[in-house]
Amino acid sequence: MGIQISPSLLSADFADLGAEAGRIASADWLHVDVMDNHFVPNLTVGLPVVEALGKASSTPMDCHLMIEDPDRWAPAYVEAGAGSVTFHVEAATAPVRLARELRAKGARAGMGLRPATPIEPYEDLLPELDMLLVMTVEPGFGGQKFLDVCLPKIRRTRDLIDKHGLDLWLQVDGGVSMETIERCAEAGADMFVAGSAVFGADDPDAMVRQLRATAEAAAR
Ligand SMILES: O=C(CO)[C@H](O)[C@H](O)COP(=O)(O)O
Ligand SMILES: [Fe+2]
């Protein structure tokens, strides 16, 4: 698939999300951060907003669920129009069953890891997934500083994916910018979420293209 950029709408104008999506026409996906004030200490949007955004934009939606009880809620995000749904393994009760349900409904199944969650215990689950999300900040807020301490985990995750010969996307999310994207790409990430870097730029679409070009040049 190559390098993909999924701008996070967390740093966009929430009063006009359809128009904000239109400002990043070069994006491969729209990253929608769903927070419930339980899994993370912040509250954002839920199903009705995702459903409305899907009607307002033709760019596929990559929903990052930072919520408790994703087993109950995640499948509804496929029905609301998400093309990819990522649940956090720390919150899921039955990650294999949930990934299978997401796939059966027609979406890509993603599994997210907080910075301190290791990948190794989940090696046997990899064939059940379409994407792994390695958080490079503590989830909950945009605009935080990239955590370098997560880079070895990105490398180890890429090695595990390659060892099993899987076509699994490796997403990084948190503090990704022109300063940090090269390190992530060198470590083996191929899908990049960027919120403040994209929507804080004078020309968000040019920033999407710049990030992609920089990651492509640095990719392993
Ligand atoms: O999941 C997230 C936070 O929990 C966001 O996707 C992420 O922080 C993007 O924002 P930024 O690029 O500004 O760090
Ligand atoms: Fe996110």
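## A walk through the sheet and its iron site

Let's start with one residue, Ser 84: setting aside anything within four places in sequence, Ser 84 is in contact with Trp 29, Met 61, Asp 62, Cys 63, Arg 108 and Met 131. Before going further, keep in mind that what you're looking at is a predicted model. The chain averages a pLDDT of 98, and 100% of the residues score at least 70. For the complex, the predictor gives an ipTM of 0.98 and a pTM of 0.98.

Back to Ser 84, which you'll find in strand β4, residues 84-88. Is Ser 84 buried or exposed? Ser 84 is buried, because its relative accessible area is 2%, and the cut-off for being buried is under 20%. Some of the residues on its contact list sit in other strands. Met 61, Asp 62 and Cys 63 are among its contacts, and β3 spans residues 61-66. Arg 108 and Met 131 are on the list too; β5 covers residues 108-113 and β6 covers residues 131-135.

Now zoom out to the whole sheet. In what order do the strands come? The sheet is open, has eight strands and runs β1-β8-β7-β6-β5-β4-β3-β2, with parallel pairing. β1 and β2 stand at the edges with a single partner strand each, so one side of each has no neighbour in the sheet. Going from one strand to the next, the twist averages 25 degrees. A helix also packs on this sheet: α3 touches β2, β3 and β4, and its direction makes about 170 degrees with that of β4.

Two of the strand pairs are good places to look at the details. β5 and β6 run parallel and are joined by four bridges, with Gly 112 standing opposite Leu 133 in β6. Over at the edge, β1 (residues 4-7) pairs in the parallel sense with β8 (residues 191-194), again over four bridges. Here Pro 7 stands opposite Ala 194 in β8. Although β1 is an edge strand, both of its faces are covered. Gln 4 and Ser 6 are buried on one side, and Ile 5 and Pro 7 are buried on the other.

Just before β1 comes the segment that holds Gly 2. Why does Gly 2 count as partly exposed? Because its relative accessibility is 43%, and partly exposed is the class between under 20% and over 50%. Gly 2 and Ala 19 are 17 residues apart along the chain, and their C-alpha atoms are separated by 27 Å.

Next stop, the metal. Which residues coordinate the iron ion (ligand 2)? They are His 31 through NE2, Asp 33 through OD, His 64 through ND1 and Asp 173 through OD, at 2.0 to 2.3 Å. The iron ion (ligand 2) has six donor atoms, with angles of 73 to 174 degrees among them, and its site is octahedral. For comparison, the ideal angles for six octahedral donors are 90 or 180 degrees. Along the sequence, the donor residues of the iron ion (ligand 2) follow the spacing H-x1-D-x30-H-x108-D. His 31 belongs to strand β2 and Asp 173 to strand β7 (residues 169-173), so this pair ties together parts that are 142 residues apart in sequence. Both members of the pair are buried: His 31 has a relative accessible area of 0%, and Asp 173 has 8%.

Finally, a few loops. Asn 37 sits in the loop between β2 (30-35) and α2 (47-56). Asn 37 is not a glycine, yet it has a positive phi of about 60 degrees. With a relative accessibility of 43%, Asn 37 counts as partly exposed. Asp 69, in the loop between β3 (61-66) and α3 (70-79), is not a glycine either, and its phi is positive at about 55 degrees. Asp 69 counts as partly exposed, at 36% relative accessibility.

Gly 188 lies in the loop between α6 (181-187) and β8. Is this loop residue, Gly 188, buried or exposed? Gly 188 is buried, because its relative accessible area is 7%. Not counting residues up to four places away in sequence, Gly 188 touches Ile 154, Arg 158, Leu 170 and Arg 220. Glu 138 is 50 residues from Gly 188 along the chain, and their C-alpha atoms are separated by 20 Å.

Technical notes
Residues are numbered from 1 along each chain as its sequence is written. Chains are lettered from A and ligands numbered from 1 in the order in which they are written. This is a predicted model: local features need pLDDT of at least 70, side-chain atom pairs count only at pLDDT 80 or more; totals for chains, interfaces and linings use all residues. Side-chain values use heavy atoms; hydrogens and water are left out. Buried means under 20% relative accessible area, exposed over 50%, partly exposed in between (1.4 Å probe, protein chains only). Contact means heavy atoms within 4.5 Å. Donors are N, O and S atoms within 2.8 Å of the metal (3.2 Å for Na, K and Ca); water is not among the atoms, so sites may look incomplete. Four donors count as tetrahedral if all angles lie between 85 and 135 degrees; four count as square planar and six as octahedral if opposite donors are over 155 degrees apart and all others between 65 and 115; anything else is irregular. Two strands pair if DSSP finds at least two bridges between them. pLDDT is the predictor's confidence in each residue, from 0 to 100. Axes are lines fitted to C-alpha atoms, for helices over the stretch in contact, and angles run from 0 to 180 degrees between N-to-C directions.
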